[in-house]
Amino acid sequence: MLAYITQSAMETVDLVRRRWPVVLVLVLAGGWIWFAFWLSDVQGRMDLPRAYSVRMTCEDDPEAELWRGGCDRIETDLQKAGRPGFLDLYNAFVVVHHKPGPGAAAAAQFAGKPAEQGFELAPLLAGQRYGLAMVAPEFEQVKSSAHAEAVIAEIDKRDRALLVIGRAGLGMDALIAGALANFVHPGVMVDGAVQYVAVLTGTAKTSDLATGLSRQR
């Protein structure tokens with residue numbers, strides 16, 4: 001038996017030595033597939049509290065007028081119940097993780113345009129859920145009402161996608177949809193791998209890996 005096991009091991013080593021290019025390709029492909037699913041799991045786990053925060057911000061409250069302005073724009077999505085379809089989940093992961101963030105998506109449209117005279121961002125965001133946080137990176141470089149409205153529309157689009165992911169939870173369909181979105185957008189996979197290395201070396205936060213906020217806004 002020992003001789004048989006030894007012979008089988010030697011034959012396996014010899015096969016690997018002779019077929020090493022194929023073995024290397026299979027190992028790399030397997031690792032890429034694993035990373036796509038692992039990244040999808042991280043993204044999903046980070047998206048759930050983000051979806052909850054959107055829903056929580058728009059809940060009724062005695063002082064809701066201080067922050068929930070704009071919730072009417074996503075009211076239909078807030079009222080949806082039941083598990084979303086696979087295509088809806090896929091599109092949601094694409095919007096949240098594979099398209100430019102709200103600030104970047106609107107920036108190109110207004111690049112080079114002059115600032116609006118007398119424009120002030122703070123009054124526009126007062127009482128709105130878009131300005132609830134102390135820091136609003138999506139609105140950096142915004143210098144006109146039209147630009148601000150474009151960013152707001154992009155935030156609504158992202159939040160609708162987050163609500164879809166939130167309704168799915170950590171189900172297998174969400175995991176597969178996220179992994180498929182990662183496969184279809186390999187550039188983001190490469191960015192994810194770079195950020196993963198940064199997390200391992202202590203130069204980035206795990207949340208950056210899931211949201212991409214360290215690289216896009």
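1. A residue is called buried under 20% relative accessible area, exposed over 50%, and partly exposed in between. Take Glu59 as a test case. Its relative accessibility is 40%, so Glu59 counts as partly exposed. Keep in mind throughout that this is a predicted model.

2. Start with the overall fold. The chain has 10 helices and zero strands. Read from the N terminus, the order of elements is α-α-α-α-α-α-α-α-α-α. The chain holds 217 residues, and 34% of them count as buried.

3. Now return to Glu59. Find this residue in the loop between helix H2 (20-57) and helix H3 (75-79). Glu59 has company on the surface. Together with Asp61, Glu63 and Glu65, Glu59 forms a negative surface patch.

4. The loop that holds Glu59 also deserves a look for its cysteines. Cys58 and Cys71 form a disulfide. Their sulfur atoms lie 2.1 Å apart. The cut-off for a disulfide is 2.5 Å between the sulfur atoms, and the count by this rule comes to one. Both partners sit in the loop between H2 and H3, 13 residues apart.

5. What is the handedness of the disulfide of Cys58 and Cys71? The torsion about the S-S bond is about -80 degrees, so the disulfide is left-handed. Are Cys58 and Cys71 buried or exposed? Both are buried. Glu59, in contrast, is partly exposed at 40% relative accessibility.

6. Next comes a patch of another kind. A nonpolar surface patch covers about 920 Å². Its members are Trp32, Ile33, Phe37, Phe86, Met172, Ile176, Leu180, Phe183, Val184, Val190 and Val194. Which elements give two or more residues to this patch? They are H2, helix H8 (172-184) and helix H9 (186-200). H8 gives the most, with five residues.

7. Ile33 is a good member of the nonpolar patch to inspect. Ile33 lies in helix H2. Why does Ile33 count as partly exposed? Its relative accessibility is 42%. Partly exposed covers values between 20% and 50%, so Ile33 belongs in that class.

8. To sum up, H2 is a useful landmark. Helix H2 gives residues to the nonpolar patch, among them Ile33. The loop between H2 and H3 holds Glu59, and the disulfide of Cys58 and Cys71 is in that loop too. When you turn the model, look for the negative patch of Glu59, Asp61, Glu63 and Glu65, then for the nonpolar patch to which H8 gives five residues.

Technical notes: Residues numbered from 1 in each chain as written. Predicted model: local features only at pLDDT ≥ 70, side-chain atom pairs only at ≥ 80, totals over all residues. Heavy atoms only, no water. Patch = residues over 30% accessible without salt bridge, like charges linked within 9 Å, V, L, I, M, F, W, Y side chains within 5 Å. Areas by Shrake-Rupley, 256 points an atom, 1.4 Å probe, with all protein chains shown as cover. Salt bridge = Lys/Arg side-chain N within 4 Å of Asp/Glu carboxyl O. Lys, Arg positive; Asp, Glu negative; His and termini not counted. Charge placed at Lys NZ, Arg CZ, Asp CG, Glu CD. Helix = DSSP H or I, 4+ residues; strand = E, 2+ residues; numbered from the N terminus. Buried < 20%, exposed > 50% of the residue type's maximum accessible area, 1.4 Å probe, protein only.
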